[in-house]
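Grab a pen and open the model next to these exercises. Each one sets a task and then walks through the solution.

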Amino acid sequence: MGNTILDSIEEMKAIDCSDMLSVIEGFSGQCREAVRLGRTVVLGDLEEIGSKVSSILILGMGGSGVSGDIAKSYLENELRVPLLVNKSYGVPGYVNENTLVFAVSYSGDTEETLSGFDEAVKRNCKVVSITTGGKLAERANDLGFQVVKIPAGIQPRSALGYLFLPLLVVLSRMGFVSEKQKEIEETISLMQSIKEIYGANIPVNENIAKGLALRLYNKLPVIYGFSGLSDVVAFRWKCQFNENSKIPSFWHVLPELNHNETVSWECLEEITKNFTLILLRDKDEPLGIKKRFDVTHELIEHKFSGVETVWAEGKSKLARMFSLIYLGDFVSYYLALLYGVDPSPVERIKVLKDKLAE
Ligand code: F6R
């Protein structure tokens with residue numbers, strides 16, 4: 001197996017034709033720019049409507065929609081109004097003129113998001129769009145709605161800083177959540193220092209991300225997070241394994257998985273012995289969750305080829321979430337190279353969108 005490739009920048013670059021590495025390694029810079037975009041977007045009449053808003057809805061699919069999941073997981077406890085993420089056509093029944101809607105689509109041409117946007121407009125919602133352009137920007141501009149215009153040219157899933165941080169900054173500017181300046185600063189500096197240890201220049205024997213990718217080679221990753229912090233991270237890791245590494249992967253969340261999936265690791269042993277369990281943990285996880293991780297680990301570890309426990313780093317919740325997300329970005333990237341696949345293209349998504357548009 002090509003485990004030497006991860007020690008050769010030239011060999012890595014030969015596979016990574018669209019240079020996803022630079023985008024991943026430049027993530028802290030992307031985040032800085034994203035915060036600036038969120039701070040400078042003119043809110044206009046949105047400044048005054050805060051007290052009338054009774055719910056928040058985030059529209060978005062795939063790499064764009066995950067920004068909504070992050071917002072939900074990060075802010076749910078602090079928000080005084082419900083925040084829901086819609087990953088389908090249209091909008092839920094409760095949506096009315098008091099719902100603040102965010103339409104997040106990197107391309108601006110995703111059919112489900114556009115359908116939600118149109119329906120939200122019909123229901124007289126205020127809509128803030130985060131996009132590089134496309135039909136979404138066109139429609140929003142025609143209606144005089146706010147658009148956070150983000151830079152084009154990378155994969156949507158690599159644009160997580162651009163897709164999530166303006167959302168966070170706007171929510172805080174509108175008074176739905178407290179000022180997050182300190183947390184954002186901590187997160188950005190942590191990403192900067194994490195890059196120095198997971199980056200491509202760091203050799204395999206000193207690089208946690210490369211080491212994990214090597215252990216995951218020829219294994220199917222099953223990722224467990226916990227509600228309120230690493231739930232969305234487990235989903236993000238799974239999607240990054242799907243889209244970057246082009247492998248199947250599964251995820252679930254504690255405590256819910258203890259009520260169903262925990263039972264499943266009984267039959268199909270011949271298959272599941274090729275699965276690796278990844279636990280996304282945090283030193284400050286609630287005691288109940290800590291116990292559940294420990295007991296679940298003990299009960300099912302022998303069913304897997306191995307168990308990898310990954311701990312969040314950083315002080316604030318935002319930094320801890322992003323420390324795990326960023327590790328997953330690196331691991332899925334290195335794993336793609338081990339399989340000899342270019343991490344950037346997602347040909348099947350493109351073919352599917354083209355066929356649906358016919
Ligand atoms: C591709 C990717 C996809 C897209 C999704 C929605 O990198 O991550 O999951 O994000 O197909 O498209 P956009 O983001 O353009 O609305």
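**Exercise 1. Sort the residues in the shell around the ligand by class, and say which elements supply them.**

Step 1. This is a predicted model, so keep that in mind as you go. Split by class, the shell around the ligand holds seven polar, four nonpolar and three charged residues.

Step 2. Now the total: the ligand is surrounded by 14 residues. The closest of these are S64, S105, S107, T110 and R157.

Step 3. Next, look for elements that turn up at least twice in the shell. You'll find α5 (62-75) and α16 (347-357). The biggest giver is α5, with three residues.

**Exercise 2. Find the polar contacts to oxygen atoms of the ligand, then check how much of the ligand is covered.**

Step 1. Use a cut-off of 3.5 Å between N or O atoms. Start with side chains: S107 places a polar side-chain atom 2.7 Å from an oxygen atom of the ligand.

Step 2. Go on to Q155. An N or O atom in the side chain of Q155 is 2.7 Å from a ligand oxygen atom.

Step 3. Don't skip the backbone. Y106 has a polar backbone atom 3.4 Å from an oxygen atom of the ligand.

Step 4. Finish with the cover. On its own, the ligand has 400 Å² of accessible area, and the protein covers 94% of that.

**Exercise 3. Which pocket does the ligand take up, and what lines that pocket?**

Step 1. The ligand's space is the largest pocket. That pocket has a volume of about 840 Å³.

Step 2. Count the lining: there are 27 residues, and S107, T110, I349, K350 and K353 are the closest to the pocket's centre.

Step 3. Trace the lining back to elements. Two or more residues come from each of α5, α6 (111-122) and α16. Here α16 gives the most, with nine residues.

Step 4. Sort by class. You should get eleven charged, nine nonpolar and seven polar residues in the lining of the largest pocket.

**Exercise 4. Describe the second largest pocket in the same way.**

Step 1. Its volume is about 190 Å³.

Step 2. Pick out the lining residues, which include D69, K72, S73 and E76, along with D231, V232 and F235. W251 and V253 are also among them.

Step 3. The elements that supply at least two of the lining residues are α5, α11 and β7 (250-254).

Step 4. By class, the lining of the second largest pocket comes out as five nonpolar, four charged and two polar residues.

**Exercise 5. How many cavities of 30 Å³ or more are there, and what surrounds the largest one?**

Step 1. The count is three cavities of 30 Å³ or more. The largest cavity has a volume of about 60 Å³.

Step 2. List its lining: M20, V23, I24, F27, R157, S158, R236, Q240, N244, Y326 and D329.

Step 3. Match these to elements. Two or more residues come from each of α2 (20-25), α11 (231-243) and α15 (317-338). The largest share is from α2, at three residues.

Step 4. Sort by class once again: five nonpolar, three polar and three charged residues line the largest cavity.

Step 5. One residue to look back at is R157. R157 lines the largest cavity, and R157 is also one of the closest residues to the ligand.

Definitions and conventions. Residues are numbered from 1 along each chain as its sequence is written. This is a predicted model: local features need pLDDT of at least 70, side-chain atom pairs count only at pLDDT 80 or more; totals for chains, interfaces and linings use all residues. Side-chain values use heavy atoms; hydrogens and water are left out. A residue is near a molecule or strand if one of its heavy atoms lies within 4 Å of it. A polar contact is a pair of N or O atoms within 3.5 Å; within protein, one must be able to donate a hydrogen and the other to accept it, and residues adjacent in sequence count only if both atoms are side-chain atoms. Accessible areas come from the Shrake-Rupley method with a 1.4 Å probe; for residues, only the protein chains shown count as cover. On a 1 Å grid over the protein atoms alone, a cavity is a set of points where a 1.4 Å probe fits but cannot get out, and a pocket is an open set with protein on both sides within 12 Å along at least five of seven lines; lining residues have an atom within 4 Å of a point. A molecule sits in a cavity or pocket if more than half of its atoms lie within 2 Å of its grid points. Helices (H or I, at least four residues) and strands (E, at least two) are DSSP runs, numbered from the N terminus. Ala, Val, Leu, Ile, Met, Phe, Trp, Tyr, Cys and Pro count as nonpolar, Asp, Glu, Lys and Arg as charged, and the others, Gly among them, as polar. Grid points are joined across faces, edges and corners, and a volume is the space filled by probe spheres set on the points.
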